Amino acid sequence: MAGKILEVRGIKKDFISKGVKVHAVSDVSFDVMEGETVGIVGESGCGKTTLGRCILRAIPATGGSVTYYGTENKKYDVLWMNKKELKEIRKDLQMIFQNPYSSLDPRMTVLDIIKEPLKANHRGMSVKEMEEKVKKIAGKVGLDVSYLNRYPHAFSGGQRQRIGIARALILNPRLIVCDEAVSALDVSIQAQVINLLKDLQKEMHLTYLFISHDLSVVEHISDKVGVMYLGKMVEFGQTDGLFEHPLHPYTEALMSSVLVADPSVTRERIRLEGEIPNPSNIPEGCCFHTRCRYCKERCRQEVPEFKNMGGDHYVACHYAEELKLKGF
Ligand code: SF4
C-alpha cells in the first residue's frame, strides 16, 4: 500500500493589503498519499492557488506545517526548514503553472527553458548529457524534438503547456502541484493534456495536487477532492463518494452548476445568493452561512468542526448528517 507523501496541518496564510489583514488560507489540513491525485476546487479567490504555493514554499505561510515524506520515509518540515535543506527536496516538489503564455520566458529557447532546472540542480552534468535528458523528456510529453531551438511564441497553447510540463518533469520529481494547469486551454486540448498527465503519472509514479475551479476536470483526474471556500477546506473525501453524496451545501451548489452532456438529465441549479464575503472580514460562525440555503441560528454563531463522517470523508457543517444533499 502506498504511504503518505504529504501531510498538511493547519496551514494559514494572511496578507496585509492596504493596511488590512486578509485571511487567504485559514487552518487547512489534509493528507496526500503517494501516487494519487488530490484535486482542490473552489471559486476564484477561495485561496486554492495560495494554498498550493504555500505548500511548495513558493510563498511563506503564516502558520501550520507541511511534512514531506521523502524516499526512505525521511521526513522534511517544508515550511520551517532552512534554505540548504529546502534545496535538497526542491527537485522532488515541482509546479506546473496556469498560464502557458506568461510562465515561459519569451527570450529563451525551449531547450534552455526545459534545461534550466538541470543547470541549477545538477552542476556536474555535461551540456551534452543535459541536452540528451531534455530531448528524452520533450519526447515523453509529445513535443517534436527538432523544434527545441525555437522560442515559445512559435508554439500553440497546448504545446506551451507541454513545455511547462517537461520543465516540471526534468528533475524527476515525486510530487507536482498543477495550478489551473489546463484552464487556459481549449476544451479538446484540455483533454489531451489531462490524458498526458495521467499517462505520465503511471509511467513516472507521480503524485499530483491538482488545483482547478473546474469541477468536471477535477472529477475526471482526481482520486480525492478537497473543496475550498473563503480560505477554508469545507469538504474533503474520495472523489466518487464526494460527487455521489456531497455533505456540504457549498459542494452541492458547485455541482448543480456543472453542465451534463445528457439532454434527458435535468438538474435544479442552486444559485448562491449574494457575493463571497471579503476575506479580510470572514463571517462569524460558519464561513458559508451568509450564502447557505440551509442556514440556522447555530450556524451564525458556532464554527463547525471539520470532522470525519466515516470513510475519511471530512466536512465542516453542523447539519451534514441531516441534510440529504444532491450529488452529481
Ligand atoms: Fe450551511 Fe449551517 Fe452547514 Fe454552514 S453549518 S454549511 S450555514 S447548514
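Here's a quick briefing on the sheet, its edge strand E6, the largest pocket and two unusual backbone spots. Keep in mind that this is a predicted model. The sheet is open and has eight strands with mixed pairing, and E6 turns up again in the lining of the largest pocket.

**The sheet**
- Reading across, the strand order is E6-E7-E8-E3-E9-E10-E12-E11.
- Strand E6 (93-96) and strand E11 (307-308) sit at the edges with a single partner strand each, so one side of each has no neighbour in the sheet.
- Strand E9 (residues 224-229) and strand E10 (residues 232-238) are an antiparallel pair, held in register over six bridges.
- Within that part of the sheet, methionine 228 faces methionine 233 in E10.
- Helix H1 (residues 48-55) lies across strand E3 (37-41), E6, strand E7 (175-179), strand E8 (207-212) and E9. Its angle to E8 is about 150°.

**Edge strand E6**
- E6 and E7 run parallel, joined by four bridges.
- Methionine 95 stands opposite valine 177 in E7.
- In a regular strand, side chains alternate between the two faces of the sheet.
- E6 is covered on both faces, with Leu93 and Met95 buried on one side and Gln94 and Ile96 buried on the other.

**The largest pocket**
- The space in the largest pocket comes to about 350 Å³.
- Its lining has 14 residues, and those nearest the centre are Arg90, Leu93, Gln94, Met95 and Phe97.
- E6, helix H3 (110-121) and helix H5 (157-169) are the elements that each give two or more residues to the lining.
- By type, the lining splits into nine nonpolar, three polar and two charged residues.

**Two positive phi values**
- For background, most residues other than glycine have a negative phi.
- Glutamate 180 goes the other way, with a positive phi near 50°. You'll find glutamate 180 in the loop between E7 and helix H6 (187-204).
- Is glutamate 180 buried or exposed? Glutamate 180 counts as buried because its relative accessibility is 7%, and the cut-off for buried is under 20%.
- Histidine 205 also has a positive phi, near 55°, and belongs to the loop between H6 and E8.
- Histidine 205 has a relative accessible area of 59%, so this residue is exposed.

Note on methods: Residues are numbered from 1 along each chain as its sequence is written. This is a predicted model: local features need pLDDT of at least 70, side-chain atom pairs count only at pLDDT 80 or more; totals for chains, interfaces and linings use all residues. Side-chain values use heavy atoms; hydrogens and water are left out. Two strands pair if DSSP finds at least two bridges between them. Contact means heavy atoms within 4.5 Å. Axes are lines fitted to C-alpha atoms, for helices over the stretch in contact, and angles run from 0 to 180 degrees between N-to-C directions. On a 1 Å grid over the protein atoms alone, a cavity is a set of points where a 1.4 Å probe fits but cannot get out, and a pocket is an open set with protein on both sides within 12 Å along at least five of seven lines; lining residues have an atom within 4 Å of a point. Grid points are joined across faces, edges and corners, and a volume is the space filled by probe spheres set on the points. Ala, Val, Leu, Ile, Met, Phe, Trp, Tyr, Cys and Pro count as nonpolar, Asp, Glu, Lys and Arg as charged, and the others, Gly among them, as polar. Buried means under 20% relative accessible area, exposed over 50%, partly exposed in between (1.4 Å probe, protein chains only).
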